[in-house]
Amino acid sequence: MTAPVTASSTPSPTTPERGAATGHGGFQPEIQGLRAVAVLLVVVFHLWPDQLTGGFVGVDVFFVISGYLITAHIVREVERTGTISLRRFWARRIRRLLPASLLVLAVSAVATVLFLPATVWSDTARQLAASALYVQNWALAGDAVDYMAQDNVPTVAQHYWSLSVEEQFYVLWPLLVLALVLATRRFALVSRFGTRAVLATGIGVLGATSLAWSVVATAREPSSAYFITPTRVWEFAAGALLGLGLVGTVHRRSVHVLLGGAGLTAVVAAGALFDGDTLFPSWVALLPVLGTAAVIAAGNSATPLTPGWLLSRQPMTFVGDISYSVYLWHWPLIVCLPHVTGTGLRTGDKLGIFAATLVLAWLSKVYVEDPMRRQSTLSAMPWRSFAFAAAGMAIVVAGTVGITTELDRRAEAAAAAADHLRAGDVFAAAGTGCVGPAALDGECGSPVGEGELVVPPEVVVEQNQAATYPGCQQGIDDTEVKTCTIGSESDTPQQVVALVGDSHTTHWFAAFDALGEERDWQVVTYTKASCPVTEARRLLPDEETDDASASCLEWGREVREQIAADERISAVFVSAYSSAYEFSDGEKPLEDPARDGFAVAWESWAGADKEVYVIRDVPPAKEDSSIPNCLAANPEPTACATPAEALPEDPQTDAVRELDDPKVHLIDLTDRFCDQDWCYPVVGDVIVYRDTSHLTDEYSRALAPYIAEQVDRAESAGH
């Protein structure tokens, strides 16, 4: 995955006390200034992503700082006492981090219900709960490889992923240090080499392993590698090695200045030069990581206008002091404000968010962070801090349960309202009434309908998370052919047909399930995410590796062979999001890869005496926006409509017409989406799309009679 340009890239600055000691016990004010640089990189990046394309590197700066300060603290305790008090360590982290964190989560939950459309409630509730439990990074990693979740919009809690990584570090790092100390004592290594040398060796090996993992994982699965903890451990380890004693070895003032200047330049350069196409973290994260390490190693400087001197000035240390709360507050404001104002963020809005973030951060620091950190009741006994953490997490999670319960209630009501869209009813009602596609016949007033939506947007959008036909679509990188059987349940069906293609074929499952029940067809599905069946190599402009393209080609050939060899299958229905791809030659040169690649596949089935029906792709949503979200934000559905003249070219349609094979037929349902002027997001009170381009189950099922009509017409013409 390329480095994200959303909240996914937000760091979670820790807030060790402003007088945080170095590995040698001295205070380094430039670290507070370095925190300020990091958090400002992130905030500016989120507000003006086109101007500061790599501001997400702030996360790496904070990870290095955390590794440095926490390791230095732990090592001093080990050298002083011979062990680590895990209870006291974790209790301090709880008092320092959780009060402000849980407060912002609770406020964000309330803001979600008050200001955000119900279409984002479910995903937001899930991420709020994951953030409260500090597993948000793993939740986002799962979403990153979940094809159904890739169109999810950023939530108010999405930026908590990096805080989750840090909290996992705080839980595991002292255990690691303690384990190294205990293991090496058994072999008398500590007495021979010293505690710091032993720890440096162990942490160095762990860091090198994590860096190697990061390089491999980012190359193989960049989307999830960005978020998972193992790919980030080496950044903490880099700071930890500094905390073990490398700081303080530089004495010459000129070296201080050069080292600090080079380090700060590296951090800022990464922020300016990296962008969404950068494979990250991988080895390229060495630039901000080593830059941060260099600034810390250089330390403070009494020479005016040098990096250490500038970072130690009051404005920088002030922002550094409140950087944790700046991180917590800025993203919920960015997410919520457009829904409050009803428009996108303008320059004035962004400046207002920046100012409000600083004010809220200062208030949180003064009235939440500092008082709770010093709270005598909690600090007197560690178990009280743990109880506070458990109670706070439980309150946030309970709030998310309340949100999902309300959504479940709405889903049950919608299911009852949509009961008449069952298979038998849609055939009986085809061409009559004004619910569903029949509303475009011109006899129903407004094509979008004039009543309540049959299924509301917040229920429709759930079809992206919970597929109606789970397990029937192969993943992007897998080549094994996966099939499902829908439609008729008869052991001796009237006909066996195949339904083949990418995710735009899966949205026809509901239609063909209804069609199969009505006509006694057994429908065998062959689908794979982002993979049309074509002899050409399909390309996605934003695809990060060639693996998906290669696996698609291999999968498609296997599907072609299996279907051609299956004598039970009499007809093949194909569909694809063909306008989303670019095409190049596969193993053989093609005159027009976009058109001819499809034709080669269809001819192989037609040559096996099978009828081939090509379903023209559906019109895209307005500006590729989520239709449920658009409908939730606009009381008038036509605000989410697309001009009919904006229909993209469909290579499959061109291929059918060019091929002119009597066994290859085109099914064109465009008139069930569009009239002469508009392509509608709602037709006859039924929402058409569940996201930007995939049909809802309800509208798909309602289109079954119109598919049947065109099949009958093709059969009549053939006879």
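# Briefing: strands, cores, rings and disulfides

Strands β3 (residues 495-501) and β6 pair in the parallel sense, over six bridges. This is a predicted model, in which local features need pLDDT of at least 70, side-chain atom pairs count only at pLDDT 80 or more, and totals for chains, interfaces and linings use all residues. Residues are numbered from 1 along each chain as its sequence is written, and side-chain values use heavy atoms, with hydrogens and water left out.

**Strand β6 and its partners**

- Helices (H or I, at least four residues) and strands (E, at least two) are DSSP runs, numbered from the N terminus, and two strands pair if DSSP finds at least two bridges between them.
- In the pairing with β3, L499 stands opposite F573 of β6.
- Strand β6 is also joined to strand β8 (residues 611-615) by four bridges, and these two run parallel.
- Here V572 stands opposite V612 in β8.
- Strand β6 covers residues 569-575, and six of its seven residues are buried, so the strand is largely enclosed by the rest of the structure.
- Buried means under 20% relative accessible area, exposed means over 50%, and partly exposed lies in between (1.4 Å probe, protein chains only).

**Nonpolar cores**

- A nonpolar core is a set of buried Ala, Val, Leu, Ile, Met, Phe, Trp, Tyr and Cys residues joined through side-chain atoms within 4.5 Å.
- The largest nonpolar core has 106 residues, and those with the most contacts inside it are I74, L98, L105, W173, V177, F280 and L328.
- Helix α2 (residues 58-81) gives the most to this core, contributing twelve residues.
- A second core, separate from it, has 61 residues, including I486, F509, I667 and V686.

**Threonine 112**

- T112 lies in helix α3 (residues 86-115) and is buried, with a relative accessible area of 0%.
- Leaving aside neighbours within four places in sequence, T112 is in contact (heavy atoms within 4.5 Å) with W121, T124 and V156.

**Aromatic rings and charges over them**

- Rings of Phe, Tyr and Trp (its six-membered ring) pair if their centres lie within 6.5 Å; planes under 30 degrees apart count as stacked, over 60 as edge-to-face and the rest as tilted.
- The structure holds 22 aromatic pairs.
- One of them joins W362 and Y367 edge-to-face, with 6.4 Å centre to centre and 90° between the planes.
- W362 is partly exposed at 38% relative accessibility, whereas Y367 is exposed at 58%.
- One aromatic cluster is formed by F45, F56, W161, Y226, F227, F274 and F280.
- F280 of this cluster is also among the residues with the most contacts inside the largest nonpolar core.
- A charge sits over a ring if NZ of Lys or CZ of Arg is within 6 Å of the ring centre and within 35 degrees of the ring normal.
- R93 lies over the face of F89, at 5.0 Å from the ring centre, and also over the face of Y170, at 5.7 Å from the ring centre.

**Disulfides and a free cysteine**

- The structure holds five disulfides, a disulfide being a pair of cysteine sulfur atoms within 2.5 Å.
- C472 and C484 form a disulfide with their sulfur atoms 2.0 Å apart.
- This pair links distant parts of the chain, twelve residues apart: C472 is in the loop between α20 (457-460) and β1 (473-474), and C484 is in strand β2 (residues 483-487).
- The link of C472 and C484 is left-handed, with -100° about the S-S bond, and both C472 and C484 are buried.
- C531 is joined to C552 by a disulfide, S to S 2.1 Å.
- C531 lies in the loop between β4 (521-528) and β5 (537-539) and C552 in helix α23 (residues 547-565), so this pair ties together parts that are 21 residues apart in sequence.
- The torsion about the S-S bond of C531 and C552 is about 100°, so that disulfide is right-handed; C531 and C552 are buried.
- Another disulfide is formed by C674 and C679, whose sulfur atoms are 2.0 Å apart.
- The link of C674 and C679 is right-handed, with 95° about the S-S bond, and both cysteines are buried.
- With bonded cysteines counted along the chain, the disulfides follow the pattern 1-2, 3-4, 5-6, 7-8, 9-10.
- C336 is in no disulfide, and the nearest cysteine sulfur, that of C630, is 19 Å away.
- C336 counts as buried, at 9% relative accessibility.
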